[in-house]
Amino acid sequence: MTSFDRQFSRRRLLSGAAALAGGGLLLGCSPGTASSGTELNYWHLMTGGDGIVMAGLVDAANGLNAGFHAKQTVLTWGAPYYTKLAMASAGGRAPDLAIMHASRIAGYAPGGLLEPWDLNLLAEFGVKESDFPPLVWQKGLYDGKLYSLALDTHPFVLYYNTEHAEKAGVTGQIASMDSPEEFTEVATRLQKITGKHGLSYGYVGDPSQMWRLFYTFYCQTGAEMKLVPGTKAEVDQAAAVKALEFVQSLLNGTIATNSGDGGTAVSEFLHGESGLFLGGVWELPVLKDAKMPFDAMPIPALFGQQAAYADSHTFVLPRQSKPDPDRRRYTYQLVAEILKRSVKWAGAGHIPAYQPVVKSSEYLELKPQSNYVGIPAYVNYDPDVWFSGAGSDFTNYFAENVQSVYLGSGDPAAGFDGFVQRLNKLLDRPQPV
């Protein structure tokens, strides 16, 4: 029996995994194909365009005939995926490799649901710490060990219609905006060109969108949010109110609607009914397919310093009862081959984490992707705590208390205070595992 097995019973692991991930079911698996060599089981949540690109990367690695063949299993994004992964890890019957958002590591690594990466073995396949942005690499660390290896960074950014910007005479100003007042001025001038809105931003029915914009502005003030179980949340109330008041001022029906969802925002921007659009880099393929005149850039530092909400898709080694050394070695090789080809992943808007790719001429020629390549240097992930991260209920707690602020009827201070009270109740509970 290992030290891990002595410390945690299977029952505790299973109950903790369920608490961390919430309910969910397997969506489905890719059909098995004839393979040669060792078959590796690889779970991820990539669908749509991302899924097609990931399949191509896996096919390229399989095509090396290096002694392994990776079989992909695609699961439902969010809680269903993390439920399945957590339960498989807790039971010791996990896949060889899985994708996990960096924002979920704090809930999985401490409970023993993941195995740390062997840095020496990674180095054998040409992957080392110096190949990654420091903040992105550090996000994968827990207790001094690397538990997640980043494939990308996918931040919240600012898109703008280049034709509208030229007509409004704000092209240069967009690139240099450095205050809430200047952002408002640019958006107002663009509204006069479009006749509808200056800015598109959708959040209704999408708590994550609400959080992404708030947290970007909150962090731009220099404020932090520290959430440590067993203690009260450490937050900056004044900074939060400042950020929320600004968001509320933008959603005034003229600069931007206060009742738009994500689909409405994208459609509005695509049809030239706004000049600016706040969204994730994952929206890039839709905009490029429409062949509209646009560009993209980091959200300007409006509150004093550069900051941007982002997450990362990362590779993790789910816990297995009896890991096979040969399978593990092939798994490391699979990951290395995907990382080295990740310029293809950048086509979907993501910023590759593997710096030799980012520094390549092939990547630097990608537009507008290379315009926001610097964001990983100041990226802001969700606070490290077991109940936060992609697919969790963390952003729901935020929306429950702050949505009325976005809608224009709520008080920013009261809304944020309600959110903090909810956080404190969660922080008062013991971590599930």
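# Exercises on pockets, cores and backbone geometry

Helix H11 contributes 5 residues to the lining of the largest pocket, the most of any element. The model is a predicted one.

**Exercise 1.** Describe the largest pocket by volume, lining and contributing elements.

Solution.
- Step 1. The volume of the largest pocket is about 780 Å³.
- Step 2. Its lining has 38 residues, and those nearest the centre are Asp50, Trp77, Arg212, Trp282 and His313.
- Step 3. Elements giving two or more residues to this lining include helix H3 (48-62), helix H11 (207-220), strand S10 (276-280) and helix H19 (394-407).
- Step 4. Sorted by class, the lining of the largest pocket holds 16 nonpolar, 16 polar and 6 charged residues.

**Exercise 2.** Place Arg212 in the structure and decide whether Arg212 is buried or exposed.

Solution.
- Step 1. Arg212 belongs to helix H11, and Arg212 is one of the residues nearest the centre of the largest pocket.
- Step 2. The relative accessible area of Arg212 is 14%. The limit for buried is under 20%, so Arg212 is buried.
- Step 3. Outside its neighbours within four places in sequence, Arg212 contacts Phe156, Trp282 and Tyr309. Trp282 is likewise among the residues nearest the centre of the largest pocket.
- Step 4. The side chains of Arg212 and Gln209 form a polar contact of 2.7 Å.
- Step 5. Val157 is 55 residues from Arg212 in sequence, and the C-alpha to C-alpha separation is 10.0 Å.

**Exercise 3.** Describe the second largest pocket in the terms used for Exercise 1.

Solution.
- Step 1. The second largest pocket has a volume of about 570 Å³.
- Step 2. It is lined by 30 residues; Lys139, Tyr381, Asp382, Pro383 and Asp384 lie nearest its centre.
- Step 3. At least two lining residues come from each of helix H5 (105-108), helix H7 (134-139), strand S5 (141-142), H11 and strand S15 (379-380). H7 supplies the largest share, 3 residues.
- Step 4. The class division for this lining is 20 nonpolar, 6 polar and 4 charged.

**Exercise 4.** Identify the largest nonpolar core and the residues with the most contacts inside it.

Solution.
- Step 1. In soluble globular proteins, nonpolar side chains tend to be buried together.
- Step 2. Here the largest nonpolar core has 79 residues, and the most contacts inside it are made by Tyr81, Trp117, Leu149, Tyr159, Phe315 and Leu339.
- Step 3. Apart from this core lies another of 61 residues, including Ala165, Tyr215, Phe398 and Tyr406.

**Exercise 5.** Characterise Thr194 by location, accessibility and contacts.

Solution.
- Step 1. Thr194 is in helix H10 (residues 180-194).
- Step 2. Thr194 counts as buried because its relative accessibility is 18%.
- Step 3. The Thr194 side chain reaches the backbone oxygen of His197 at 2.7 Å.
- Step 4. Beyond neighbours within four places in sequence, the contacts of Thr194 are His164, Gly272, Glu273, Ser274 and Gly275.

**Exercise 6.** Explain what sets the backbone at Asn65, Lys291 and Pro368 apart from the general pattern.

Solution.
- Step 1. Most residues other than glycine have a negative phi, and most peptide bonds are trans.
- Step 2. Asn65 has a positive phi, near 55°. Asn65 sits in the loop between H3 and strand S2 (68-74) and is exposed at 63% relative accessible area.
- Step 3. Lys291 also has a positive phi near 55°. The loop between H14 and strand S11 (294-298) holds Lys291, which counts as exposed at 74% relative accessibility.
- Step 4. The peptide bond between Lys367 and Pro368 is cis, with omega about 5°. Pro368 lies in the loop between helix H18 (361-364) and S15.

Definitions and conventions: Residues numbered from 1 in each chain as written. Predicted model: local features only at pLDDT ≥ 70, side-chain atom pairs only at ≥ 80, totals over all residues. Heavy atoms only, no water. Helix = DSSP H or I, 4+ residues; strand = E, 2+ residues; numbered from the N terminus. Buried < 20%, exposed > 50% of the residue type's maximum accessible area, 1.4 Å probe, protein only. Polar contact = N/O pair within 3.5 Å; in protein donor to acceptor, adjacent residues only side chain to side chain. Contact = heavy atoms within 4.5 Å. Core = buried A, V, L, I, M, F, W, Y, C linked by side-chain atoms within 4.5 Å. 1 Å grid on protein atoms, 1.4 Å probe; cavity = no way out; pocket = protein on both sides within 12 Å on 5 of 7 lines; lining within 4 Å. Points joined across faces, edges and corners; volume = space filled by probe spheres on them. Nonpolar A, V, L, I, M, F, W, Y, C, P; charged D, E, K, R; others polar.
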